Amino acid sequence: MEKFRVEGGIRLTGRTRVHCAKNAVLPILAGAILADDPVTLLDCPDIADVNNMVRILHTLGCTVRGEGSETLVDAATIQSDAMPEGLSKRLRSSVFMMGALLGRMRRAVIPYPGGCEIGQRPIDLHLAGLSALGVRIREEGGLVLCDGEHMRGGEVHLDYPSVGATENVMMAAARIPGRTVIHNAAREPEIADLQRFLNACGARIEGAGSPTILIDGVSRMHGTIYRPMPDRIEAGTLLAAAAITGGEIELMGAPVQELGAVTAKLRDMGCRVDSQPGRMRLSAPVRLSAPGQLLTQPYPGFPTDMQAQMLALSCVARGTSIITETVFENRFTHVGDLRRMGADIVVKDRTAVVRGVGTLHGATVAARDLRGGAALMIAGLCAQGETVVENAEIIDRGYERLEETLTDLGADVRRERQTDE
């Protein structure tokens, strides 16, 4: 196990490039098994979640090779429709394999997935959507057994615009007979990116990014070379890191349009944000102003994956912030550690009331989920003295060598092996 040591009080400045999006790459890796020919993905991030997904593909029998910035996936050698339980428990996004395996193999055996402990995140919506396509589902010994022998296109009505359920149904429907219509589909940009990838492989999908998606099944899909979209959450995290230090940074390859809800709040807090296609510059004031009300919502609302980072900013902003989490029921696990650093936060149910303080103080804290860990890193950047963030491997799930990126922008961040004391 490893930890980060963060020396606070250094203003971030400079330029860096945004990596490809974790939340786009993971379903695309799953979707690659729908192709009958090799798929090459460009610039996959070197993060734990992607590495675990590659291991799952290997276990299923796929050939996966990485050469430089290219990752080749060849599903012609796939042998198994049963997901490995150990790896699946470590990776929530392993659930995407359910739709892809059904589309390719007409069968799937899936353990209940793992990931961050930020809420129950049941897969009922996934199963209901697949059932509407004729998949027969039963549960046995902690496994979900899916039989898609009689799958056909159909009408899928999602009770909630779930990203994962939308993507699972898209992949399952891509290679089955007939037309599938997904109603109340999630609208996140990563879903549109999955559509672009699948269509590049010969699928016939339209409407991703809107509440209604149409899929006309095809009998065969071919390979392609594809670069996934840039990571809007990594970009937002870096903007927040600069903002809390009164810094000025430029992001190259930034997903400008997809960051609209985040940059609007940063402007409310007093930052100047200038953008042009593929590039974004932020200049922050000496002290931020409270954003007032902040409510997480499905896209295009404020993303739940940026809530923790904005809460960290609110801890040192002038005024009071009210932050309400509507997507997951347990996404304030970082609050206790922020209080240890001197933050004034009161949580009731799914709402946090944050009264900004003049200064945070360094402390030893621990990442308990991916975005909460990033929030603690951000808080450490402005705190007096040293902050030690334990469980660095949790942050590694979604950020490629975050300490190096921050160091390149002027921060004093070091990775060390964590020892029991």
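Start by selecting Arg 232, Ile 233, Glu 258, Leu 259, Ala 261, Val 262, Tyr 299, Pro 300, Gly 301, Pro 303 and Met 306: in this predicted model, these residues line the largest cavity. The enclosed space has a volume of about 50 Å³. Two helices, α8 (232-244) and α9 (260-268), each give two or more residues to the lining. Colour the lining by residue type and you will find 8 nonpolar, 1 polar and 2 charged residues. In total, the model has 3 cavities of 30 Å³ or more.

Next, select Leu 266. Together with Leu 311, Leu 313 and Leu 406, Leu 266 touches the most other members of the largest nonpolar core, which has 72 residues. To see its surroundings, show side chains for Leu 239, Ala 243, Cys 271, Val 273, Leu 282, Met 310 and Leu 313; these are the contacts of Leu 266 once residues up to four places away in sequence are set aside. Apart from this core lies another, of 71 residues, with Val 39, Ile 182, Phe 197 and Tyr 226 among them. As background, nonpolar side chains tend to be buried together in soluble globular proteins.

Now go to helix α1, residues 22-31. How many of its 10 residues are buried? The count is 9, so select Lys 22, Ala 24, Val 25, Leu 26, Pro 27, Ile 28, Leu 29, Ala 30 and Gly 31 to see the buried ones.

From there, move to the second largest pocket by selecting Asp 43, Cys 44, Pro 45, Asp 46 and Ser 69, which lie nearest its centre among 24 lining residues. About 460 Å³ of space lies in this pocket. The elements giving two or more residues to its lining are α2 (48-60), β4 (63-67) and β5 (70-74), and β4 gives the most, with 4 residues. By type, the lining divides into 9 nonpolar, 7 polar and 8 charged residues.

Stay on Cys 44 for a moment. Why does Cys 44 form no disulfide? Its sulfur is 6.9 Å from the closest cysteine sulfur, in Cys 20, which is too far for a bond because a disulfide needs the two sulfur atoms within 2.5 Å. Cys 44 counts as buried, at 18% relative accessibility, since the cut-off is under 20%.

For your last stop, select Cys 62. Its closest cysteine sulfur, in Cys 201, is 13 Å away, again too far for a bond. Cys 62 is also buried, with a relative accessible area of 4%. The structure as a whole holds 0 disulfides.

Technical notes:
Residues are numbered from 1 along each chain as its sequence is written. This is a predicted model: local features need pLDDT of at least 70, side-chain atom pairs count only at pLDDT 80 or more; totals for chains, interfaces and linings use all residues. Side-chain values use heavy atoms; hydrogens and water are left out. Buried means under 20% relative accessible area, exposed over 50%, partly exposed in between (1.4 Å probe, protein chains only). A nonpolar core is a set of buried Ala, Val, Leu, Ile, Met, Phe, Trp, Tyr and Cys residues joined through side-chain atoms within 4.5 Å. Contact means heavy atoms within 4.5 Å. On a 1 Å grid over the protein atoms alone, a cavity is a set of points where a 1.4 Å probe fits but cannot get out, and a pocket is an open set with protein on both sides within 12 Å along at least five of seven lines; lining residues have an atom within 4 Å of a point. Grid points are joined across faces, edges and corners, and a volume is the space filled by probe spheres set on the points. Ala, Val, Leu, Ile, Met, Phe, Trp, Tyr, Cys and Pro count as nonpolar, Asp, Glu, Lys and Arg as charged, and the others, Gly among them, as polar.
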